[in-house]
Amino acid sequence: LSGKTNTLNKKGRREMKTRLCELLGIEYPIIQGGMGVGISLGNLAGHVAKCGGIGTISGVHPGYKEADFKENPFRANLRAIGNELEKAKEIANGGIIGFNFMTVMNHYEEYVKEAIGAGADFIVSGAGLPVNLAKYAAGTRAAILPIVSSARALKLIVKQWQRADRLPDAVVVEGPLA
């Protein structure tokens, strides 16, 4: 996105305004990735958002620290989705926080719906084609962002999502064909 300018913000820090920043209401064009078990949780995501970027909580076993995780990882993860989002939102002080869920996960639908119901601002989803993500987010304000590796994959997703009367709010393109 063109039109970047470098200025000092109210806190005396250098900021980089781009169209993306203006569209999303963020200070910096930084979107932190949802990285694996125990890395991208509420603390990291909240601080990234507090500092002017966009924070992403990993959907891969966010409940691994819960006391009952070994006995019932599904319930521990569901509970942790809400807890980690709450922690991130408290730290972020109004910043943008969302989740990254892989479509190949067990309980994908339940986790996505839990995150959206808890108030996630967005869901990023890949590791397979997230053809049902629009259906799971129907009637909500959560932004939905598929991760694709090709134009063909994006066309398949868009065709499916149109049935739910929804289009991607943004697209993450990764891989050698990006």
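Ala, Val, Leu, Ile, Met, Phe, Trp, Tyr, Cys and Pro count as nonpolar, Asp, Glu, Lys and Arg as charged, and the others, Gly among them, as polar. The exercises below concern a predicted model, in which local features need pLDDT of at least 70 and side-chain atom pairs count only at pLDDT 80 or more, while totals for chains, interfaces and linings use all residues. Residues are numbered from 1 along each chain as its sequence is written, and side-chain values use heavy atoms, with hydrogens and water left out.

**Exercise 1. The chain as a whole**

Task: State how many helices and strands the protein chain has, and give their order.

Solution.
Step 1. Helices (H or I, at least four residues) and strands (E, at least two) are DSSP runs, numbered from the N terminus.
Step 2. The protein chain contains seven helices and seven strands.
Step 3. Starting at the N terminus, their order is β-β-α-α-α-β-α-β-α-β-α-β-α-β.
Step 4. Of the 178 residues in the protein chain, 41% are buried; buried means under 20% relative accessible area, exposed over 50%, and partly exposed in between (1.4 Å probe, protein chains only).
Step 5. Contact means heavy atoms within 4.5 Å. Among contacts in the protein chain with a separation of 6 or more, 48% join residues 24 or more positions apart.

**Exercise 2. The two pockets**

Task: Describe the lining of the largest pocket and that of the second largest pocket.

Solution.
Step 1. On a 1 Å grid over the protein atoms alone, a pocket is an open set of points where a 1.4 Å probe fits, with protein on both sides within 12 Å along at least five of seven lines; lining residues have an atom within 4 Å of a point. Grid points are joined across faces, edges and corners, and a volume is the space filled by probe spheres set on the points.
Step 2. The largest pocket holds about 590 Å³ of space. Its lining has 26 residues, and Ile 31, Ile 54, Phe 122, Leu 145 and Ala 170 lie nearest its centre.
Step 3. At least two lining residues of the largest pocket come from each of α1 (19-24), β3 (54-58), β4 (96-102), β5 (122-126) and β6 (143-148).
Step 4. By class, the lining of the largest pocket has 16 nonpolar, five polar and five charged residues.
Step 5. For the second largest pocket the volume is about 190 Å³. Its lining has 13 residues, with Gly 25, Ala 49, Gly 52, Gly 94 and Gly 95 nearest its centre, and the classes are four nonpolar, six polar and three charged.

**Exercise 3. The buried side of α3**

Task: Identify the buried residues of helix α3 and where they lie around the axis.

Solution.
Step 1. Helix α3 spans residues 42-50, and its buried residues are Gly 42, Ala 45, Gly 46, Val 48 and Ala 49.
Step 2. These residues lie on the same side of α3, because they cover an arc of only 160° around the axis. The arc is that of the directions from the helix axis to the C-beta atoms.
Step 3. An α-helix has 3.6 residues a turn, so residues three or four places apart point the same way.
Step 4. The packing partners of the buried residues of α3 are β3, α4 (73-92) and β4.
Step 5. After α3 comes Gly 52, with a positive phi near 105°.

**Exercise 4. Positive phi outside glycine**

Task: Locate His 107 and Ala 127, and give the phi of each.

Solution.
Step 1. Most residues other than glycine have a negative phi.
Step 2. His 107, which is not a glycine, has a positive phi of about 65°. His 107 sits in the loop between β4 and α5 (108-118) and is partly exposed, at 35% relative accessibility.
Step 3. Ala 127 has a positive phi near 55°. Ala 127 belongs to the loop between β5 and α6 (133-136), and with a relative accessible area of 38% it is partly exposed.

**Exercise 5. Two buried helix residues**

Task: Which residues do Ala 115 and Leu 133 touch, leaving aside neighbours within four places in sequence?

Solution.
Step 1. Ala 115 is part of helix α5 and is buried, at 0% relative accessibility.
Step 2. Ala 115 touches Ile 81, Leu 85, Phe 99, Phe 101, Ala 120 and Ile 123. The C-alpha atoms of Ala 115 and Ile 81 are 6.1 Å apart, although 34 residues separate them along the chain.
Step 3. Leu 133 is in helix α6 and is buried, at 0% relative accessibility.
Step 4. Leu 133 contacts Tyr 108, Val 112, Ile 123, Ser 125, Ile 144, Leu 145 and Trp 161.
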